[in-house]
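This report walks through a structure for a reader who has not met it before. The sequence and the model are shown first, and the description follows.

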Amino acid sequence: TMFIQKWNHGMIEINLTDDEVMMCQHIGHLRSVLSRGNNIKDRKQSNMAGLDIDAQGVTAEYAVAKHLNVFFDLGLSPRAGSADGVMKGHSYDVKSTHHAFGKLLATLKDNPDVDMYIMCLTPDRWTVKMVGWCWKKELINKNNIKDLGYGKGYALEQSQLRPFKQ
């Protein structure tokens, strides 16, 4: 079963079972292979392997969907952009990092399908911490363009995100 702990500053911790982790890893690897095989550019902003980034991303997407009690998209069709889910009528994109003090990052390529971004930390395969969220216009803004070593993109500090309501 899933255990959720709410921190004072709005961070929500979700612990996953071994079976959930295995499913997320498998789907992430399949999506990665399908995307690269269909010429969808890997726009990673990390030195991690693409397969691992995609597995981490699916794990965060799954944990968010489970916490919000919304459907998790199991689709394997190649895709660039699109939203990861819908919450209260707003489409969201989940972004994840394993860096404890990492930033919410997005590429300069516009994603017209997204209304909001949700940032997660994934310190290990079994733990997802929902750090905070922001509206698209709060991240996708020329004042937030930074180059963190992987080309220019949008970046917000964790402290700039909206906390989740307790």
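Leaving aside its neighbours within four places in sequence, which residues is Met87 in contact with? The model is a predicted one, and in it Met87 is in contact with Leu68, Tyr92 and Met116. Met87 itself belongs to strand E3, which covers residues 85-87. Its relative accessible area is 19%. Because buried means under 20% relative accessible area, Met87 counts as buried. Met116, one of the contacts of Met87, is 29 residues from Met87 along the chain, and the C-alpha atoms of the two are separated by 9.7 Å.

**Nonpolar cores**

Tyr92, another contact of Met87, is also among the residues with the most contacts inside the largest nonpolar core. That core has 23 residues, and Leu16, Val64, Ile118, Cys120 and Met130 are listed with Tyr92 for the most contacts inside it. At least two residues of this core come from each of strand E2 (12-15), H1, H2, strand E4 (90-97), E6 and strand E7 (127-135). H2 gives the most, with six residues. A second core, separate from this one, has 13 residues, including Val114, Tyr117, Leu121 and Leu156. In soluble globular proteins, nonpolar side chains tend to be buried together.

**The three-stranded sheet**

Leu156, a member of the second core, also takes part in a sheet: Leu156 in E9 is the bridge partner of Leu104. The two strands concerned, E5 and strand E9 (residues 152-156), pair in the antiparallel sense over four bridges. They belong to an open sheet of three strands in the order E5-E9-E8, with antiparallel pairing. Strand E5 (104-107) and strand E8 (145-147) are the edge strands, each pairing on one side only. On average, neighbouring strands of this sheet are turned by 50° against each other, direction ignored.

**Salt bridges**

How many salt bridges does the structure hold? There are six, and the table gives three of them, with the distance between the closest N and O atoms.

| Pair | Closest N and O atoms |
|---|---|
| Glu20 and Lys66 | 2.3 Å |
| Lys136 and Asp110 | 2.9 Å |
| Arg162 and Glu138 | 2.7 Å |

Glu20 forms its salt bridge with Lys66. Glu20 lies in helix H1 (residues 18-37) and Lys66 in helix H2 (residues 50-68), so the pair ties together parts that are 46 residues apart in sequence. Glu20 is buried, at 8% relative accessible area, whereas Lys66 is partly exposed, at 29%.

Lys136 and Asp110 form another of the salt bridges. This pair links distant parts of the chain, 26 residues apart: Lys136 is in helix H3 (residues 136-139), and Asp110 is in the loop between E5 and strand E6 (116-124). Lys136 counts as buried, with a relative accessibility of 17%, while Asp110 counts as partly exposed, with 46%.

Helix H3 also holds Glu138, whose salt-bridge partner is Arg162. Arg162 lies in the segment after E9, so the pair ties together parts that are 24 residues apart in sequence. Arg162 is partly exposed, at 34% relative accessibility, and Glu138 is partly exposed, at 27%.

Conventions:
Residues numbered from 1 in each chain as written. Predicted model: local features only at pLDDT ≥ 70, side-chain atom pairs only at ≥ 80, totals over all residues. Heavy atoms only, no water. Pairing = 2+ DSSP bridges. Axes fitted to C-alpha atoms, helices over the stretch in contact; angles between N-to-C directions. Salt bridge = Lys/Arg side-chain N within 4 Å of Asp/Glu carboxyl O. Buried < 20%, exposed > 50% of the residue type's maximum accessible area, 1.4 Å probe, protein only. Core = buried A, V, L, I, M, F, W, Y, C linked by side-chain atoms within 4.5 Å. Contact = heavy atoms within 4.5 Å.
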